[in-house]
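Colleague: I would like to go through the labels attached to this model one by one, and to hear for each what it rests on.

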Amino acid sequence: MTTDDDLAALRRGLDQLTSLLADVPSEASGDPTPCTEWTVQDLVDHVVAAPTRFARMLREQQIDWAAPPPPAGDDPAGAFRAHADDLLAAWRDHSGPVEQAGLDWQCAELAVHTWDLATAVGASTTDLDPEVAEGGLAFMQSSLTPENRGPAFGPEQPAGEGADPYERIAAFAGRSVPRGAGTEG
């Protein structure tokens, strides 16, 4: 069984993304995001579905990672929170040793898309939990190579001097990070 201490960074990442989703203005749904192929609504749909997909993976259920996510609905923050709670329960029920790489992969997904969403809606990243992004970045640096970046990640970009952890993970994921972006908002 995975303990709550093992899940602390993941839980904080889920909590802060829940709060960010609650603050996304409805009129921003068609706005662009750093994920050049996605609007804010596309990104919201993706992040709301992510915890369910991760929970299914932990339960050794089949997942079609290429399938488009379902619409997030009228209450994306509420839907995400329910999916986040299910993911945490799946981790607590998970038998076997704690798979730190799995936790770090999920933190990486959350951190990159938290930056994407915050950037798209003009929110700051400076007050976000640095441990979530730092753990995710360490995982990405150890497992993501130029050969396996695929279509999801472009080449690493410069983050700039003084970049916060969310800007650094976004740049490593191939996002263009404006200098001092995390200090705005």
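Colleague: Why does Glu-60 count as exposed?

Modeller: Glu-60 has a relative accessibility of 73%, and a residue is called exposed over 50%, buried under 20% and partly exposed in between, with a 1.4 Å probe and protein chains only; Glu-60 is therefore exposed. This is a predicted model, in which local features need pLDDT of at least 70 and side-chain atom pairs count only at pLDDT 80 or more, while totals for chains, interfaces and linings use all residues. Residues are numbered from 1 along each chain as its sequence is written, and side-chain values use heavy atoms, with hydrogens and water left out.

Colleague: What makes the backbone of Glu-60 worth a remark?

Modeller: Its phi is positive, at about 60 degrees, although Glu-60 is not a glycine. Most residues other than glycine have a negative phi. Glu-60 lies in the loop between α2 and α3 and comes after α2; helices here are DSSP runs of H or I with at least four residues, and strands are runs of E with at least two, numbered from the N terminus.

Colleague: How do you know that α2 has close to its expected span?

Modeller: The helix has 19 residues and reaches 28 Å from its first C-alpha to its last, against an expected 27 Å, the expected span being 1.5 Å times one less than the number of residues. α2 nevertheless bends by about 30 degrees at Ala-50, with Pro-51 following within four residues; the bend is the angle between axes fitted to the seven residues ending at a position and the seven starting there. As for its surroundings, α2 is mostly covered, since 14 of its 19 residues fall in the buried class.

Colleague: How many aromatic pairs does the structure hold, and why is the one between Phe-54 and Trp-105 called edge-to-face?

Modeller: There are three aromatic pairs. For Phe-54 and Trp-105 the ring centres are 5.1 Å apart and the planes stand at 80 degrees; rings of Phe, Tyr and Trp (its six-membered ring) pair if their centres lie within 6.5 Å, with planes under 30 degrees apart counted as stacked, over 60 as edge-to-face and the rest as tilted, so both conditions are met. Because Phe-54 belongs to helix α2 (residues 40-58) and Trp-105 to helix α4 (residues 100-121), the pair ties together parts 51 residues apart in sequence. Phe-54 is buried at 4%, whereas Trp-105, at 31%, is partly exposed.

Colleague: What makes the pair of Trp-65 and Trp-105 tilted?

Modeller: The planes of Trp-65 and Trp-105 are 50 degrees apart, with 5.7 Å from centre to centre, and the pair is therefore neither stacked nor edge-to-face. It links Trp-65, in the loop between α2 and α3 (76-93), with Trp-105 in helix α4, 40 residues apart. Trp-65 has a relative accessible area of 42%, which places it in the partly exposed class. Phe-54, Trp-65 and Trp-105 together form one aromatic cluster.

Colleague: How do you know that Arg-149 lies over the face of Phe-172?

Modeller: Arg-149 is 4.8 Å from the ring centre of Phe-172, and a charge sits over a ring if NZ of Lys or CZ of Arg is within 6 Å of the centre and within 35 degrees of the ring normal. Phe-172 also has its C-alpha 9.3 Å from that of Leu-144, 28 residues away along the chain. Leu-144, in the loop between α5 and α6 (165-172), counts as buried because its relative accessible area is 13%.

Colleague: Why is Cys-107 called buried?

Modeller: Its relative accessible area is 3%, so Cys-107 is buried. Cys-107 lies in helix α4, and its C-alpha is 5.0 Å from that of Gly-136, although 29 residues separate them along the chain.

Colleague: Which residues lie nearest the centre of the largest pocket, and what makes it a pocket?

Modeller: They are His-46, Glu-109, His-113, Ala-152 and Phe-153, out of 29 lining residues. On a 1 Å grid over the protein atoms alone, a pocket is an open set of points with protein on both sides within 12 Å along at least five of seven lines, and lining residues have an atom within 4 Å of a point. The volume is about 910 Å³, taken as the space filled by probe spheres set on the points, which are joined across faces, edges and corners. α2, α4 and α5 (130-143) each supply at least two residues of this lining.

Note on methods:
On a 1 Å grid over the protein atoms alone, a cavity is a set of points where a 1.4 Å probe fits but cannot get out, and a pocket is an open set with protein on both sides within 12 Å along at least five of seven lines; lining residues have an atom within 4 Å of a point.
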